[in-house]
Amino acid sequence: MASLKIRKGDTVRVIAGADKGAEGKVIAVDPKKQRITIEGVHMVKKHVKPNMSNQQGGIVEQEAPIAISNVMLLVNGKTTRVGFKMDGDKKVRYAKATGENID
């Protein structure tokens with residue numbers, strides 16, 4: 001499987017869907033399903049039963065995953081595509097808009 005261009009901890013902007021234009025930090029990546037979870041984006045309500053960690057139960061709002069194709073990486077406040085290149089003997093990601101290394 002090819003490595004993903006967006007990783008946990010990256011800042012991204014949503015480019016399609018109901019949350020278009022929203023920005024946030026990636027908190028989870030699922031490479032098998034090609035989906036990511038972004039902090040504060042695509043909030044859904046989930047009904048939870050009372051349990052030891054949540055004595056009250058009720059309706060909880062949490063982030064839901066969105067398709068990785070609907071986001072673009074932000075580098076210096078600007079969206080960019082991501083490429084890979086060899087830097088010596090190490091493979092690094094770089095911003096195609098500016099050409100600078102990301103990692």
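Mentor: Let's begin with some vocabulary: a residue is buried when its relative accessible area is under 20%, exposed when it is over 50%, and partly exposed in between. Keep in mind that we are looking at a predicted model.

Trainee: Thanks! Why is I15 called partly exposed?

Mentor: I15 has a relative accessible area of 34%. That value falls between 20% and 50%, so I15 is partly exposed. You will find I15 in the loop between strand 1 (11-14) and strand 2.

Trainee: Which residues does I15 contact, leaving aside its neighbours within four places in sequence?

Mentor: They are K20, S69, N70, V71 and M72. Take M72: I15 and M72 are 57 residues apart in sequence, yet their C-alpha atoms are 6.8 Å apart in space. A contact asks for heavy atoms within 4.5 Å, which is a separate test from the C-alpha distance.

Trainee: What makes T80 buried rather than exposed?

Mentor: The relative accessibility of T80 is 5%, which is under 20%, so T80 counts as buried. T80 sits in strand 8 (residues 78-80). Beyond residues up to four places away in sequence, T80 touches M72, L73, V75, A95, K96 and A97.

Trainee: How do you know that the side chain of T80 makes a polar contact with K96?

Mentor: The side chain of T80 reaches the backbone nitrogen of K96 at 3.3 Å. The cut-off for a pair of N or O atoms is 3.5 Å, so 3.3 Å passes the distance test.

Trainee: And what joins D10 to R93?

Mentor: Their side chains are joined by a polar contact of 2.8 Å, and that value is also within 3.5 Å. D10 lies in the segment before strand 1. With a relative accessible area of 11%, which is under 20%, D10 is buried. R93 is one of the residues that D10 touches outside its sequence neighbourhood of four places, together with K5, G24, K25, V26 and L73.

Trainee: Now the sheet. In what order do its strands stand?

Mentor: Six strands form an open sheet with antiparallel pairing, and the order is 6-3-2-1-7-8.

Trainee: Why are strand 6 and strand 8 called edge strands?

Mentor: Strand 6 (66-67) and strand 8 each have a single partner strand, so one side of each has no neighbour in the sheet.

Trainee: How do you know that strand 2 and strand 3 pair?

Mentor: A pair needs at least two bridges, and four bridges join strand 2 (residues 23-30) to strand 3 (residues 35-38). Four meets that requirement, so the two strands count as paired. They run antiparallel, and in strand 3 the bridge partner of V26 is I38.

Trainee: What makes T37, in strand 3, a buried residue?

Mentor: T37 has 13% relative accessibility, under the 20% limit, so T37 counts as buried. Its C-alpha atom is separated by 5.7 Å from that of I27, ten residues apart along the chain. Among the contacts of T37 are I27, E63, A64 and P65.

Trainee: Which classes do Q34 and N76 fall into, buried, partly exposed or exposed?

Mentor: Q34, in the loop between strand 2 and strand 3, is partly exposed, because its 37% lies between 20% and 50%. N76, in the loop between strand 7 and strand 8, is exposed, because its 66% is over 50%. Q34 has a positive phi of about 55 degrees although it is not a glycine, and for N76 phi is positive as well, at about 55 degrees, again without being a glycine.

Trainee: How many bridges join strand 9 and strand 10?

Mentor: Six bridges join strand 9 (residues 82-87) to strand 10 (residues 90-95), and the two run antiparallel. At least two are needed, so these strands pair. They form a hairpin with two residues between them, and G88 in the turn has a positive phi of about 75 degrees. D87 stands opposite K90 in strand 10.

Trainee: Last one: which strand gives the most to the lining of the largest pocket?

Mentor: Strand 7 (residues 71-75) does, with three residues. The lining includes V71, M72, L73 and T80, and by class it has seven nonpolar, two polar and two charged residues. The space in this pocket is about 200 Å³.

Terms used
Residues numbered from 1 in each chain as written. Predicted model: local features only at pLDDT ≥ 70, side-chain atom pairs only at ≥ 80, totals over all residues. Heavy atoms only, no water. 1 Å grid on protein atoms, 1.4 Å probe; cavity = no way out; pocket = protein on both sides within 12 Å on 5 of 7 lines; lining within 4 Å. Points joined across faces, edges and corners; volume = space filled by probe spheres on them. Nonpolar A, V, L, I, M, F, W, Y, C, P; charged D, E, K, R; others polar. Buried < 20%, exposed > 50% of the residue type's maximum accessible area, 1.4 Å probe, protein only. Polar contact = N/O pair within 3.5 Å; in protein donor to acceptor, adjacent residues only side chain to side chain.
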